[in-house]
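Colleague: Please take a close look at the pockets of this model for me. Then follow the charged pairs from there.

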Amino acid sequence: MLRKIRNEDIDEIMFLWRNGVYKSNFFINSNYWNNNYDKMQNSILYNANTKVYLENDTIKAFISIKEDGEIQAFFVDENYKRQGIGTMLMNIIKKEYKYLLVRVYEKNISSVLFFKVMGFKKINSETNKDNNEIEYIMVWDSKESQKTNLLYIKDTISDKILNDNKQNAKFNFCNINDKKAFDCKKAILYIDYNNYEGLSKSIIDYKVRYNHIDFKIFMFTPLVIDSRKNKESFEKIIKTYKDYEIIAFDCSNLKDNTIYDIIKNKEKILIEEIERIL
């Protein structure tokens, strides 16, 4: 059960907080946390939206978030970690906020990895003046999470196109081997039949099912000048991925474009068609 903090929760929460900061941030002198104990108890917990997660009347986790979405504290009891409580709690919080920001110490590797898995991106880093430790500033934006991931196989998209579309409003380019490739609600995989060897259907099947993704495949149909091998590869891919919606775009239907124009502008055509689909 998740509910708002009550006065009778304070001692239990502070015990959880103290154990959490000492163990997860072991690289910081304990005096720093001792000096911040009163601030945490008397200021942060009450001046933020603080909620506790309970099971059988035992507080197993709590989170404190400012009105602007900055996470002031987020801890799971050391005895109940690796049970999915943190992930569940963060997913609930994401439904309340459109934007979240958190500061995580660079040396707190487990927390950095957790927030990365939860879709947070590092936007900056700075040194904490009180303890001289580097903090990562990480954010999660609901607008970003709602974008479609346009997946690609290594070397099938030029660096120029990737750089030019970093701020694309409709989709995120993502290498299919990236850990975040399937961290989305919708994904379109661009397959170039010239370069698809090593693409594992079983892994794609698993990740699509596990993440409940609306998944499509985009391909260009072979041109008249393509080799027999390319045309056979195209047909093989169609049969292999028949369980998914395959968008096969025929460039020959483009008016006033010669084959030379199509080959030269294939990546531009790809972007235009994906944006039109979305």
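What follows is one walk from the pockets to the surface.

Modeller: A caution to begin with: this is a predicted model.

Start with the largest pocket. Its volume is about 1600 Å³. The lining takes in 39 residues. Nearest the centre lie Val117, Gly119, Lys180, Asp183 and Cys184. Several elements give two or more residues to this lining. The helices among them are α4 (85-94), α5 (109-117), α6 (142-145) and α8 (201-211). The strands are β7 (134-141), β8 (148-152) and β9 (171-175). Strand β9 gives the most, with five residues. By class, the lining of the largest pocket holds 14 nonpolar, twelve polar and 13 charged residues.

Now the second largest pocket. It holds about 1300 Å³ of space. Its lining counts 44 residues, and Asn25, Phe74, Phe75, Arg103 and Asn108 are the closest to its centre. Which elements supply at least two residues of this lining? They are α1 (10-24), α2 (30-35), α3 (37-47), β4 (70-76), α4, β5 (99-105) and α5. Strand β4 gives the most here, with seven residues. The class split for the second largest pocket is 21 nonpolar, 13 polar and ten charged. Helices α4 and α5 appear in both lists: they contribute to the lining of the largest pocket and to that of the second largest pocket.

Stay with Arg103. This residue is among those closest to the centre of the second largest pocket, and its side chain also meets that of Glu126 in a salt bridge (2.6 Å, N to O). Glu126 lies in strand β6 (residues 121-127) and Arg103 in strand β5, so the pair ties together parts that are 23 residues apart in sequence. Are these two buried or exposed? Neither word fits. Glu126 is partly exposed because its relative accessibility is 35%, between the 20% and 50% cut-offs. Arg103 is partly exposed too, at 37%. The pair also belongs to a wider set: Lys66, Glu70, Arg103 and Glu126 are linked in a network of salt bridges. The count of salt bridges for the model comes to 15.

Next, a bridge that starts from helix α8, one of the elements in the lining of the largest pocket. The side chains of Lys201 and Asp243 meet in a salt bridge (3.9 Å, N to O). This pair links distant parts of the chain, 42 residues apart. Lys201 sits in helix α8, while Asp243 is in the loop between α9 (228-240) and β12 (245-249). Asp243 is exposed, with a relative accessible area of 59%.

Helix α9 has a salt bridge of its own. Arg228 pairs with Glu232, and their closest N and O atoms are 3.1 Å apart. Both residues lie in α9, four residues apart, about one turn of the helix. Arg228 counts as exposed, at 69% relative accessibility. Glu232 counts as partly exposed, at 45%.

Finish on the surface, with nonpolar side chains. Val224, Ile225, Ile259 and Ile263 form a nonpolar patch there. Together these four have about 380 Å² of accessible area. Ile263 lies in helix α10 (residues 259-264). Its relative accessible area is 48%, so Ile263 is partly exposed.

Definitions and conventions:
Residues are numbered from 1 along each chain as its sequence is written. This is a predicted model: local features need pLDDT of at least 70, side-chain atom pairs count only at pLDDT 80 or more; totals for chains, interfaces and linings use all residues. Side-chain values use heavy atoms; hydrogens and water are left out. On a 1 Å grid over the protein atoms alone, a cavity is a set of points where a 1.4 Å probe fits but cannot get out, and a pocket is an open set with protein on both sides within 12 Å along at least five of seven lines; lining residues have an atom within 4 Å of a point. Grid points are joined across faces, edges and corners, and a volume is the space filled by probe spheres set on the points. Ala, Val, Leu, Ile, Met, Phe, Trp, Tyr, Cys and Pro count as nonpolar, Asp, Glu, Lys and Arg as charged, and the others, Gly among them, as polar. Patches are made of residues with over 30% relative accessible area and no salt bridge: like charges are joined within 9 Å, nonpolar side chains (Val, Leu, Ile, Met, Phe, Trp, Tyr) within 5 Å. Accessible areas come from the Shrake-Rupley method with a 1.4 Å probe; for residues, only the protein chains shown count as cover. Buried means under 20% relative accessible area, exposed over 50%, partly exposed in between (1.4 Å probe, protein chains only).
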